[in-house]
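Visitor: Please choose one part of this model and go through it closely. I would like to know what it touches and how it fits into the rest.

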Amino acid sequence: MVPTWEDHRPTYAALLREATAHGEVKVAVMVEEDVPLVRANLAADGVDLSRLEITSPIDTIWMRDFGPVAIDTPSGRGVAVQTMMLSG
């Protein structure tokens, strides 16, 4: 089985509902033609689209190398740390 968006849709929707409740959120969509469907699904799932920016198309599968990483500090406080990819 290959996991798909639909397999994880409830989890992504819950994450995006919580994130948009606290700030602006960017979502990357690989194929530009999928943006209307993604937008419609997120709206149906209760995500605040006014606080959501969709970026498309994305020309890389290596998103983990570009985004922040969420970590817990020793005190238990969660923080986001921006990483960067170094080539060479």
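Guide: Arg-51 and Glu-24 form a salt bridge, their closest N and O atoms being 3.8 Å apart (a salt bridge is a side-chain nitrogen of Lys or Arg within 4 Å of a carboxyl oxygen of Asp or Glu). The pair links distant parts of the chain: Arg-51 is in the loop between helix 2 and strand 2, Glu-24 is in the loop between helix 1 and strand 1, and they are 27 residues apart. Helices (H or I, at least four residues) and strands (E, at least two) are DSSP runs, numbered from the N terminus.

This is a predicted model, in which local features need pLDDT of at least 70, side-chain atom pairs count only at pLDDT 80 or more, and totals for chains, interfaces and linings use all residues. Residues are numbered from 1 along each chain as its sequence is written, and side-chain values use heavy atoms, with hydrogens and water left out.

Glu-24 is exposed, with a relative accessible area of 62%, while Arg-51 is partly exposed at 25%. (Buried means under 20% relative accessible area, exposed over 50%, partly exposed in between, with a 1.4 Å probe and protein chains only.)

Arg-51 is also one of the residues that Thr-20 touches; the others are Val-25, Val-47, Asp-48 and Leu-52, leaving out residues up to four places away in sequence. Contact here means heavy atoms within 4.5 Å. Thr-20 belongs to helix 1, residues 5–22, and is buried, with a relative accessible area of 2%. The side chain of Thr-20 also reaches the backbone oxygen of Leu-16, at 2.8 Å.

Two of the residues touched by Thr-20, Val-25 and Leu-52, meet again as bridge partners, Leu-52 being in strand 2. Strand 1 (residues 25–28) and strand 2 run parallel and are joined by four bridges; two strands pair if DSSP finds at least two bridges between them. Side chains alternate along strand 2, residues 52–55: Leu-52 and Ile-54 point to one face and are buried, whereas Glu-53 and Thr-55 point to the other and are not. That follows a general pattern: in a regular strand the side chains alternate between the two faces of the sheet.

Helix 2 (residues 35–44) completes a right-handed β-α-β unit with strand 1 and strand 2. Right-handed means that, with the strands pointing away from the viewer, the path from the first strand over the helix to the second runs clockwise.

By the rule above there are two salt bridges. The other pair is Arg-9 with Asp-45, at 2.7 Å from N to O. Arg-9 lies in helix 1 and Asp-45 in the loop between helix 2 and strand 2, so this pair ties together parts that are 36 residues apart in sequence. Arg-9 counts as buried at 16% relative accessibility, and Asp-45 is partly exposed at 22%.

Past strand 2, Pro-57 lies in the loop that leads to strand 3, 68–72. A cis peptide bond joins Ser-56 to Pro-57, with omega about -5 degrees. In general, most peptide bonds are trans.

As for the whole, the protein has two helices and four strands, in the order α-β-α-β-β-β from the N terminus on. Of its 88 residues, 20% are buried. Among contacts with a separation of 6 or more, 55% are between residues 24 or more positions apart.

Technical notes:
Polar contact = N/O pair within 3.5 Å; in protein donor to acceptor, adjacent residues only side chain to side chain.
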